[in-house]
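Here's a quick tour of one sheet, one helix and a couple of pockets. Have the model open while you read.

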Amino acid sequence: MSNMEFIPVQSFNNYVEAHIAMGNLQQQHINCWLKDEYTVTIDPILANAVGGIKLMVAKVQVPRAVEILKQAAGNKHPHYACPHCSSHEIQMVDIPQKETNLFAVLINKLFGNKTKAAEQIWHCFACGNNCKQPVEISSGAMEDAS
Ligand SMILES: [Zn+2]
């Protein structure tokens with residue numbers, strides 16, 4: 001199968017949400033990638049012009065991918081909440097380190113991977129904010145915010 005066909009199943013104006021969605025699919029062994037990621041990330045103003053970052057999925061896996069994306073959209077974290085809006089619709093994501101700091105990249109290559117290759121952040125789907133550390137909810141005091 002040399003000419004596998006890919007179909008856009010979802011588009012994003014948000015780099016972080018695009019990566020979260022792709023990560024969710026890849027965990028389920030869905031063959032997928034992000035189209036126009038470079039353009040949108042470099043210049044957010046262009047996001048509308050190119051229609052955002054498109055999540056491309058192998059045609060034969062599209063029905064399963066859509067199911068996974070639907071499930072992930074409704075996920076609420078049981079123990080952590082967004083510090084900005086208190087929503088539980090947050091998810092941890094590894095953001096690939098951008099190679100803007102050439103010196104840091106060089107140090108990593110010379111001295112081994114002592115610093116993290118990817119930055120871990122939490123993304124809130126309710127308000128769109130990112131944070132390093134969400135609010136931890138102890139299971140005993142947990143209330144249903146919805
Ligand atoms: Zn929030």
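## The open sheet

In this predicted model, three strands make up an open sheet, ordered β1-β3-β2, with antiparallel pairing. The edge positions go to β1 (6-12) and β2 (32-35); each has a single partner strand, so one side of each is left without a neighbour in the sheet. Going from one strand to the next, the twist averages 30 degrees.

Zoom in on β2 and you'll find it paired with β3 (residues 53-58) in the antiparallel sense, over four bridges. If you want a spot to look at, try Trp33, which stands opposite Met56 in β3.

## The helix across it

Which strands does helix α1 lie across? Helix α1 (residues 15-27) lies across β1, β2 and β3, and runs at about 165 degrees to β2. Keep α1 in view, since α1 turns up again in the lining of the largest pocket and in that of the second largest pocket.

## The largest pocket

The largest pocket comes in at a volume of about 260 Å³. It's lined by 18 residues, and the closest to its centre are Asn24, Gln71, Ala72, Asn75 and Gln91. The elements giving two or more residues to this lining are α1, α4 (62-73) and β5 (90-96). Of the contributors, α4 gives the most, with four residues.

As for chemistry, the lining of the largest pocket splits into eight nonpolar, eight polar and two charged residues. Where does this pocket lie relative to domain 1 and domain 2? Both domain 1 (6-73) and domain 2 (80-141) give residues to the lining, so the largest pocket lies between them.

## The second largest pocket

Next up is the second largest pocket, with a volume of about 200 Å³. On the lining you'll find His19, Ile20, Met22, Gly23, Asn24 and Gln27, along with Gln91, Met92, Val93 and Asp94. Here the elements that give two or more residues are α1 and β5. This time α1 gives the most, with six residues.

By class, the lining of the second largest pocket has four nonpolar residues, five polar ones and one charged. Domain 1 (6-73) and domain 2 (80-141) both give residues to this lining too, so the second largest pocket lies between them.

## Where the pockets share residues

Two names are worth picking out in the viewer. Asn24 and Gln91 are among the residues closest to the centre of the largest pocket, and Asn24 and Gln91 also line the second largest pocket.

Methods:
Residues are numbered from 1 along each chain as its sequence is written. This is a predicted model: local features need pLDDT of at least 70, side-chain atom pairs count only at pLDDT 80 or more; totals for chains, interfaces and linings use all residues. Side-chain values use heavy atoms; hydrogens and water are left out. Two strands pair if DSSP finds at least two bridges between them. Axes are lines fitted to C-alpha atoms, for helices over the stretch in contact, and angles run from 0 to 180 degrees between N-to-C directions. Contact means heavy atoms within 4.5 Å. On a 1 Å grid over the protein atoms alone, a cavity is a set of points where a 1.4 Å probe fits but cannot get out, and a pocket is an open set with protein on both sides within 12 Å along at least five of seven lines; lining residues have an atom within 4 Å of a point. Grid points are joined across faces, edges and corners, and a volume is the space filled by probe spheres set on the points. Ala, Val, Leu, Ile, Met, Phe, Trp, Tyr, Cys and Pro count as nonpolar, Asp, Glu, Lys and Arg as charged, and the others, Gly among them, as polar. Domain bounds come from an automatic or database domain assignment.
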